[in-house]
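Reader: I would like to go through this model step by step. Please keep the answers short and show the reasoning.

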Amino acid sequence: MILYKYYGFEAGLSALESRKLGFRVPAYFNDPFELSFLSNGSGDEKKISTLHQKLEDLSRNVVILSLTRAHDNPLMWAHYGKEHEGFVVGYDVNTEFLTSPLLNIIPVDDGDVVYTNTKSKHILNKVVMDKLHKIYLSALGDIQTTNPELKSLARKIFLTKHASWVYEEEVRIVKVAYSLFEETREAQQDPLRAFTNIKSVKGLHLMQHQVKIKEVYLGARNRLINEPSRFFMDIHKSLTMEKCSFKKMTVDKNSWNLITSKLEL
């Protein structure tokens with residue numbers, strides 16, 4: 001399965017060169033409502049306080065990769081593709097790095113975002129609070145979300161967004177940021193868990209594992225379409241040898257759609 005990531009120009013070039021994916025702490029996402037679907041809880045004051053604190057902690061103790069099923073969404077090209085000047089990269093997500101329930105609190109196969117117009121009222125009884133605590137422990141490194149009931153609650157926490165975002169067709173992968181159950185050195189020695197902090201972007205973890213790139217799309221205003229640089233030509237050659245296709249987006253004069261065609265260099 002191929003899923004897509006939108007990039008600006010410089011970030012896109014870096015992603016193409018490295019074949020690595022950046023996961024980000026959700027507390028730094030552009031939507032202040034992240035991880036708040038369960039915040040409409042009903043219970044005694046202590047339970048409500050615990051709920052809100054746990055949700056706040058979760059927003060800082062995990063990292064999330066946001067992908068999409070659509071490579072040709074004009075709104076996303078304008079926003080995440082930096083006014084159509086950037087790239088969309090199609091990744092082969094059929095890799096243990098993204099599919100394993102042992103490596104991911106929410107693996108890619110379970111990561112389809114759910115969109116809703118309302119926040120349902122949740123009764124904060126002992127059963128719900130116990131489940132919430134186990135998900136909290138998962139975020140600290142003791143992953144327990146293979147349990148169907150915990151998986152259901154984890155999806156509500158990490159994958160539920162307001163319906164205004166439905167156009168993004170988002171798919172998420174959720175990982176532990178820092179495990180409290182092992183030494184950081186141990187995790188960093190695992191090629192499927194090692195990462196580098198990117199200080200220029202708050203909360204960004206660049207994972208060291210490389211993921212196969214299968215498709216690359218250049219935005220309608222990407223300057224490399226008409227003036228390819230030597231650096232881009234080298235990337236193009238390397239990825240083409242790995243059976244990656246390169247395409248460009250153009251504006252359809254007869255509709256509001258973007259047209260995809262082969263990139264000729």
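Reader: How far apart are the mean positions of the positive and negative charges of the protein?

Author: This is a predicted model. The protein has 36 positive and 32 negative charges. The distance between their mean positions comes to 0 Å.

Reader: What radius of gyration does the protein have, and what would a compact globule have?

Author: The chain has 265 residues, and a compact globule of that length would have a radius of gyration near 18 Å. The C-alpha atoms fill a box of roughly 65 × 45 × 30 Å along the principal axes. The value for the protein agrees with the globule value, at 20 Å.

Reader: What share of the residues is buried?

Author: Eight helices and 14 strands make up the secondary structure. The protein exposes about 13900 Å², with 52% of it from carbon and sulfur atoms. Buried means under 20% relative accessible area. Of the 265 residues, the buried share is 45%.

Reader: Among contacts with a separation of 6 or more, what share comes from residues 24 or more positions apart?

Author: Helix α1 gives a local example: its buried residues are covered by elements that include β1, at residues 2-7, and α8, at residues 230-241. For the protein, residues 24 or more positions apart account for 78% of these contacts.

Reader: Which residues of helix α1 are buried?

Author: Helix α1 spans residues 9-18. Its cover includes the strands β2, β5, β11 and β12. Just after the helix comes Arg19, with a positive phi near 65 degrees. The buried residues of α1 are Phe9, Gly12, Leu13, Ala15, Leu16 and Ser18.

Reader: Which residue of β11 stands opposite Phe23?

Author: Strands β2 and β11 pair in the antiparallel sense. Four bridges hold this pairing. Opposite Phe23 in β11 stands His205.

Reader: Which residue takes a positive phi in the hairpin of β10 and β11?

Author: Strand β10, residues 195-198, runs antiparallel to β11, and four bridges join them. Ile198 has Leu204 as its bridge partner in β11. Five residues lie between the strands in the hairpin. The one with a positive phi, near 75 degrees, is Gly203.

Reader: How many residues join β13 to β14 in their hairpin?

Author: β13 covers residues 245-251 and β14 covers residues 258-262. They are antiparallel, with five bridges. Thr250 stands opposite Ile259 of β14. The number of residues in the hairpin connection is six.

Reader: Is Ile135 buried or exposed?

Author: Ile135 sits in helix α5, residues 126-139. Beyond its neighbours within four places in sequence, Ile135 contacts Leu58, Leu150, Leu153, Ala154, Ile157 and Phe158. The C-alpha atoms of Ile135 and Lys151 are 8.7 Å apart, with 16 residues of sequence separation. The relative accessible area of Ile135 is 0%, so Ile135 is buried.

Reader: Where does His84 lie, and is His84 buried or exposed?

Author: His84 lies in the loop between α3, residues 74-79, and β5. Leaving aside neighbours within four places in sequence, its contacts include Pro74, Trp77, Arg221 and Leu258. The relative accessibility of His84 is 15%, and the cut-off for buried is under 20%, so His84 counts as buried.

How values were computed. Residues are numbered from 1 along each chain as its sequence is written. This is a predicted model: local features need pLDDT of at least 70, side-chain atom pairs count only at pLDDT 80 or more; totals for chains, interfaces and linings use all residues. Side-chain values use heavy atoms; hydrogens and water are left out. Two strands pair if DSSP finds at least two bridges between them. Helices (H or I, at least four residues) and strands (E, at least two) are DSSP runs, numbered from the N terminus. The radius of gyration is taken over C-alpha atoms; the globule rule is 2.2 Å times the number of residues to the power 0.38. Buried means under 20% relative accessible area, exposed over 50%, partly exposed in between (1.4 Å probe, protein chains only). Contact means heavy atoms within 4.5 Å. Accessible areas come from the Shrake-Rupley method with a 1.4 Å probe; for residues, only the protein chains shown count as cover. Lys and Arg count as positive and Asp and Glu as negative; His and the chain ends are not counted. The place of a charge is taken as NZ of Lys, CZ of Arg, CG of Asp or CD of Glu.
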